[in-house]
Amino acid sequence: RPLAVKLTYDVGDVHELVALAVASMWRDVLGAEVELEKMEWKLFLSTRSNRAAWQTMRFAWFGDYNDAMTFLEIFRSDSEQNLARYANAEYDSLVSGAIGELNSKRRMNALTGAESRLLDDYPIAPLYFYVSKHLVKPEIIGFEDNVLDRHPTRFLRFAPD
């Protein structure tokens, strides 16, 4: 009392702005004493897997396929990517059940339940989602929207007249 917390983040204009905003909100709303720790990318990568080396850390995750599992699977107890070391048997059961579920309604219910359990337990604090917008002339063909937002120019061309 007061709460003292260290927020570790990697270099980058956006990352620094987010860290400053979060620290400001924690100070204003919670009365917390916030220490900011900025790290170069290589040090940040080596530090984030050592859970004892940080208290709170800014992470980002991009979905690499169009399914909730790309995010939810990370927080299973046995996942190597579970850097928060979140462990909840109910969550694990819901995610495991969704993996083998062929009925789309039951699968969605399991994924929704897992997400609710995760957010209720607060091992993470989602702040924002990345979005992108593209202005593409109608006569350009080959532009396909995709979850990774990658658009190789080799597939783009003008539509034939």
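This passage describes the strands, nonpolar cores and salt bridges of a predicted model. Local features are reported where pLDDT is at least 70 and side-chain atom pairs where pLDDT is 80 or more, whereas totals for chains, interfaces and linings use all residues. Residues are numbered from 1 along each chain as its sequence is written, and side-chain values use heavy atoms, with hydrogens and water left out.

A convenient place to start is strand E1 (4–10); here helices (H or I, at least four residues) and strands (E, at least two) are DSSP runs, numbered from the N terminus. E1 is mostly covered, with 5 of its 7 residues buried, where buried means under 20% relative accessible area, exposed over 50% and partly exposed in between (1.4 Å probe, protein chains only). Strand pairing requires that DSSP finds at least two bridges between two strands. E1 pairs with E2 in the parallel sense over 7 bridges, and Leu7 stands opposite Leu36 in E2. Between E1 and E2 the chain passes through helix H1 (residues 13–30), giving a right-handed β-α-β crossover; right-handed means that, with the strands pointing away from the viewer, the path from the first strand over the helix to the second runs clockwise. E1 also runs parallel to E3, to which 2 bridges join it, and Thr8 stands opposite Met57 in E3.

Just ahead of this strand, Leu3 lies in the segment before E1. Leu3 counts as partly exposed because its relative accessibility is 49%. Its C-alpha is 8.3 Å from that of Val34, although the two are 31 residues apart in sequence. Beyond neighbours within four places in sequence, Leu3 is in contact (heavy atoms within 4.5 Å) with Ala32 and Glu33.

Turning to the interior, a nonpolar core is taken as a set of buried Ala, Val, Leu, Ile, Met, Phe, Trp, Tyr and Cys residues joined through side-chain atoms within 4.5 Å. The largest such core has 12 residues, including Met69, Ile74, Phe75, Tyr86, Val95 and Leu118. Helix H3 (69–72), helix H4 (89–100) and helix H5 (104–121) each supply at least two residues of this core, and H5 gives the most, with 4 residues. A second, separate core of 9 residues includes Leu7, Ala19, Ala23 and Val34. As for Ile74 of the largest core, its contacts beyond neighbours within four places in sequence are Trp61, Ser79, Gln81 and Asn82.

Charged side chains add further links. With a salt bridge defined as a side-chain nitrogen of Lys or Arg within 4 Å of a carboxyl oxygen of Asp or Glu, the count comes to 9. Lys6 and Glu37 form one of them, their closest N and O atoms being 3.8 Å apart; this pair joins strand E1 to strand E2 (residues 33–39) across 31 residues. Lys6 is partly exposed because its relative accessibility is 21%, and Glu37 is partly exposed because its relative accessible area is 21%.

Arg58 and Asp10 meet in a salt bridge at 3.0 Å, N to O. Arg58 lies in the loop between strand E3 (56–57) and H3, while Asp10 belongs to E1, 48 residues away. Arg58 is buried, since its relative accessible area is 12%, and Asp10 is buried at 3% relative accessibility. Asp67 and Arg107 form another salt bridge, with their closest N and O atoms 3.0 Å apart; the pair links the loop between E3 and H3 to helix H5. Finally, Glu73, Arg76 and Asp78 are linked in a network of salt bridges.
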